[in-house]
Amino acid sequence: MELKVIDTKGRVSGSLTVSDALFAREYNEALVHQLVNAFLANARSGNRAQKTRAEVKHSTKKPWRQKGTGRARSGMTSSPLWRKGGRAFPNKPDENFTQKVNRKMYRAGMATILSQLARDERLFAIDALNANTPKTKEFAEQVKSLGLEQVLFVTKQLDENIYLASRNLPNVLVLEAQQVDPYSLLRYKKVIMTKDAVAQLEEQWV
């Protein structure tokens with residue numbers, strides 16, 4: 001498998017031989033869907049809370065007498081059937097949203113995503129990603145010279161200047177190779193990886 005290499009102007013300057021197992025895998029939509037859903041579910045903080053009928057503010061007085069009114073029988077206003085009543089099955093902060101994904105499934109899913117990005121010409125390699133100063137303006141000009149708007153950069157090791165210069169750009173994200181996740185790969189229109197990052201991904205996933 002050959003991965004296109006671009007220069008600092010965004011022009012294709014060569015190719016990089018990469019592993020077929022990681023960059024030439026058949027697309028598995030069901031696996032990718034499961035992988036992204038699990039990633040987003042595991043990122044949930046579980047901080048929502050609702051009150052039971054015992055926790056809502058209410059009176060224990062019977063709203064009206066049991067018989068003779070022609071209305072349904074009612075014991076107290078905290079009933080889940082009533083407006084401002086408690087919830088029958090409330091959400092609690094300790095609710096667990098995590099979904100387990102096996103290691104082999106995760107590797108296969110990431111390989112599927114990278115392979116499809118390469119086929120769609122959304123994935124490119126670059127020699128290196130450098131930033132001389134932690135200036136956002138300079139890094140934004142570098143991204144603009146590549147002809148990119150919404151882009152994910154993947155490096156082997158995140159330089160402090162690159163981190164400081166890129167963190168304020170809304171459509172640019174820089175990640176280390178070991179931090180790459182399926183959602184970020186699919187979210188951005190283009191993915192640019194340094195050659196060192198490609199080698200590291202091959203080492204840890206092949």
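The exercises below, each with a worked solution, concern a predicted model.

**Exercise 1. The sheet**

State the strand order of the open sheet and find which strands stand at its edges.

Solution.
- Step 1. The sheet has six strands in the order 2-1-3-6-4-5, and the pairing is mixed.
- Step 2. Strand 2 (12–17) and strand 5 (172–176) are the edge strands; each has a single partner strand, so one side of each lacks a neighbour in the sheet.
- Step 3. On average, neighbouring strands are turned by 30° against each other, direction ignored.
- Step 4. Strand 2 pairs with strand 1 in the antiparallel sense, over five bridges. Within strand 2, L16 is the bridge partner of L3.

**Exercise 2. Helices on the sheet**

Determine which strands helix 3 and helix 7 lie across.

Solution.
- Step 1. Helix 3 lies across strand 1, strand 3 and strand 6, and runs at about 90° to strand 3.
- Step 2. Helix 7 lies across strand 1, strand 2, strand 3, strand 4 and strand 6, with an angle of about 90° to strand 6.

**Exercise 3. The nonpolar cores**

Identify the residues that touch the most other members of the largest nonpolar core, and the element that gives the most to this core.

Solution.
- Step 1. The core has 30 residues, and those touching the most other members are L114, L123, V154, L185, V191 and M193.
- Step 2. Elements giving two or more residues include strand 1 (2–6), helix 3 (103–119), strand 6 (190–194) and helix 7 (195–205).
- Step 3. Helix 3 contributes the most, with six residues.
- Step 4. Leaving aside residues up to four places away in sequence, L185 touches M110, I113, L114, L117, R122, L152, V180 and V191.
- Step 5. Another core, of 17 residues, lies apart from this one; F124, V151, V172 and I192 are among its members.

**Exercise 4. Aromatic pairs**

Classify the pair Y106 and W205 and the pair F139 and F153, and place each in the chain.

Solution.
- Step 1. A pair is described by the distance of the ring centres and the angle of the planes.
- Step 2. For Y106 and W205 these are 6.4 Å and 75°, and the pair is edge-to-face. Y106 lies in helix 3 and W205 in helix 7, so the pair ties together parts 99 residues apart in sequence.
- Step 3. Y106 is partly exposed, at 27% relative accessible area, and W205 is buried, at 12%.
- Step 4. F139 and F153 have ring centres 6.0 Å apart and planes at 70°; planes over 60 degrees apart count as edge-to-face, so this pair is edge-to-face.
- Step 5. F139 lies in helix 4 (residues 136–145) and F153 in strand 4, so the pair links parts 14 residues apart in sequence. Both F139 and F153 are buried.

Technical notes. Residues are numbered from 1 along each chain as its sequence is written. This is a predicted model: local features need pLDDT of at least 70, side-chain atom pairs count only at pLDDT 80 or more; totals for chains, interfaces and linings use all residues. Side-chain values use heavy atoms; hydrogens and water are left out. A nonpolar core is a set of buried Ala, Val, Leu, Ile, Met, Phe, Trp, Tyr and Cys residues joined through side-chain atoms within 4.5 Å. Buried means under 20% relative accessible area, exposed over 50%, partly exposed in between (1.4 Å probe, protein chains only). Helices (H or I, at least four residues) and strands (E, at least two) are DSSP runs, numbered from the N terminus. Contact means heavy atoms within 4.5 Å. Two strands pair if DSSP finds at least two bridges between them. Axes are lines fitted to C-alpha atoms, for helices over the stretch in contact, and angles run from 0 to 180 degrees between N-to-C directions. Rings of Phe, Tyr and Trp (its six-membered ring) pair if their centres lie within 6.5 Å; planes under 30 degrees apart count as stacked, over 60 as edge-to-face and the rest as tilted.
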